[in-house]
Amino acid sequence: MIRNLADDLYQVKLGSNSSNCYLITGDITILIDTGTVLRIPEMANTLSEIGYSTPDIDLVINTHEHSDHIGGNVLFQKTALIAAHRNAAVKIISGDDEVMHCRAHAQKFEGYHVHAWLSNTDVIDADSWFLKVLHTPGHTSGCISLYDPRRRVLFSGDALFASGTLSTIYESGSLGEYFNSLRRLGTMKIDLLFPGHGRESNNVDGDLELTIRNAIAQFPGAARLAAMFVPVIAGLCLFETISSIDNAIINAEVLATMDRWAQRWFLIWGLLIAVAGIRFLLPWVIVWATVPELGPIEAITATFSDDPAVIEAIERSAPVLLMFGGTFLVFLFFHWLFLEDKHYGLRGERYIRTRGVWFFAVVSILLSPIVTFMIVGYFLALSVRSPPGGGSRA
Ligand SMILES: [Fe+2]
């Protein structure tokens, strides 16, 4: 059965064991999912009902690696590009039937090709359709959704269904990732949902809310995750309060030892530097320097952004940011251990304090591999980014 959903969009339904498939017509003809192999004759006949034949399909996108979404690929893979997320692609081309479940649908699990391996935030610009690839794992590790931000349409595969219907978490999937994917989809502005099974929906916020509520009710792990949320937040609040009071006492003790002018200078400029400089300007400079493609304004707004490209850029820079932060905290600990006056409570602390100069030796030993690692990493990254021959491509 084929249904006309819009001028340039059709839904192909091939029977109970097959996924919903979506045909996008236009400058580029795209088929999202292909159903089971048993329904190939029906797929060919259905396409012919609207005047399309197999070679007319330019691009097939598989939303994930399950056999009921990829079986019909064999009809198209000689004439069309087949695309899937790289986590799905590696299973499809290697015939990993533990996750594909081909035998369950009397399908072969070998002989599939994936020509384009997709990643999160890749874009398929098909003129009237602008499809962003969102990696939405959980049901399986290779699940993607395709989101057109101009039309506010989401093709969700098996990552999200209408009416709060839950996805099954299969072998390569994960409940935690499922929750993350649902929450991430919750940040998008989606007016229309076209899922891999069941009916479409124009109440996507409600569907997401209901899905999350149902998941918490049905998965014991989800209930635990939700239950952990409150004590973790409460613990963090308590920790922040205690460390703030501790800070205030130490600051007051230090202030008491200062001259009057120094106290005044600290209370005005010291606080400004500590609050505006260290807590705002420094993180801004670090984020901007680490992800220069964001630019100065987006480096500030990135914190509040739900743009997948920005999230991806920040995640890419996380190792460097964590390395800076971690190194600073380790040095702070050694500074306290070797150089700061304190009341000694543990055996050996007094001895270590008398060897203050060791601080510089320890820090130097730690810094050598860190700096070497950063320099090598920087040049490796440059060599990966540069096109062969070092020239520019038009
Ligand atoms: Fe599936």
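**Two open sheets and the elements around them**

I will start with strand 11, which runs parallel to strand 12 (residues 192-195) and is joined to strand 12 by four bridges. Strands here, like helices, are DSSP runs numbered from the N terminus, with at least two residues of E for a strand and at least four of H or I for a helix. Two strands count as paired if DSSP finds at least two bridges between them.

Before going on, the usual notes. This is a predicted model: local features need pLDDT of at least 70, side-chain atom pairs count only at pLDDT 80 or more, and totals for chains, interfaces and linings use all residues. Residues are numbered from 1 along each chain as its sequence is written.

Back to the strand 11 and strand 12 pair. Phenylalanine 155 stands opposite phenylalanine 194 in strand 12. Between the two strands in the β-α-β unit comes helix 6 (residues 175-185), and the unit is right-handed. Right-handed means that, with the strands pointing away from the viewer, the path from the first strand over the helix to the second runs clockwise.

On the other side there is strand 10 (residues 144-148), antiparallel to strand 11 and joined to strand 11 by three bridges. Leucine 146 of strand 10 is opposite phenylalanine 155. Strands 10 and 11 make a hairpin with four residues between them, and in the turn arginine 152 has a positive phi of about 55°.

How covered is strand 11? Five of its five residues, 153-157, are buried. Buried means 20 or more other C-beta atoms within 10 Å of the residue's own; exposed means 12 or fewer, and partly exposed is in between, with C-beta atoms placed from the backbone. Val153, Phe155 and Gly157 lie on one side and Leu154 and Ser156 on the other, so to speak for both faces: they are covered.

Now the sheet as a whole. Strand 11 belongs to an open sheet of five strands in the order 8-9-10-11-12, with mixed pairing. Its edges are strand 8 (123-126) and strand 12, each pairing on one side only. Neighbouring strands are turned by 20° against each other on average, direction ignored. Strand 8 pairs with strand 9 (residues 129-135) in the antiparallel sense over four bridges, and valine 123 stands opposite lysine 132 in strand 9.

The other sheet is also open, with seven strands in the order 1-2-3-4-5-6-7 and mixed pairing. Strand 1 (2-6) and strand 7 are the edge strands, and each pairs on one side only. The twist averages 20° from one strand to the next. Strands 6 and 7 pair in the parallel sense over three bridges, with alanine 84 opposite tryptophan 117 in strand 7.

Helix 4 lies across strands 5, 6 and 7 and runs at about 120° to strand 6. Axes are lines fitted to C-alpha atoms, for helices over the stretch in contact, and angles run from 0 to 180 degrees between N-to-C directions. The buried residues of helix 4 (residues 86-94) are Asn87, Ala88, Ala89, Lys91 and Ile92. They pack against strand 5 (59-62), helix 2 (67-70), strand 6 (81-85), helix 5 (97-100) and strand 7 (116-118); contact requires C-beta atoms, placed from the backbone, within 7 Å. Just after helix 4, glycine 95 takes a positive phi of about 65°.

Last, the domains. The chain is divided into domain 1 (2-218), domain 2 (259-283) and domain 3 (291-394), with bounds from an automatic or database domain assignment. The C-alpha centres of domain 1 and domain 3 lie 40 Å apart.

Notes: Contact = placed C-beta atoms within 7 Å.
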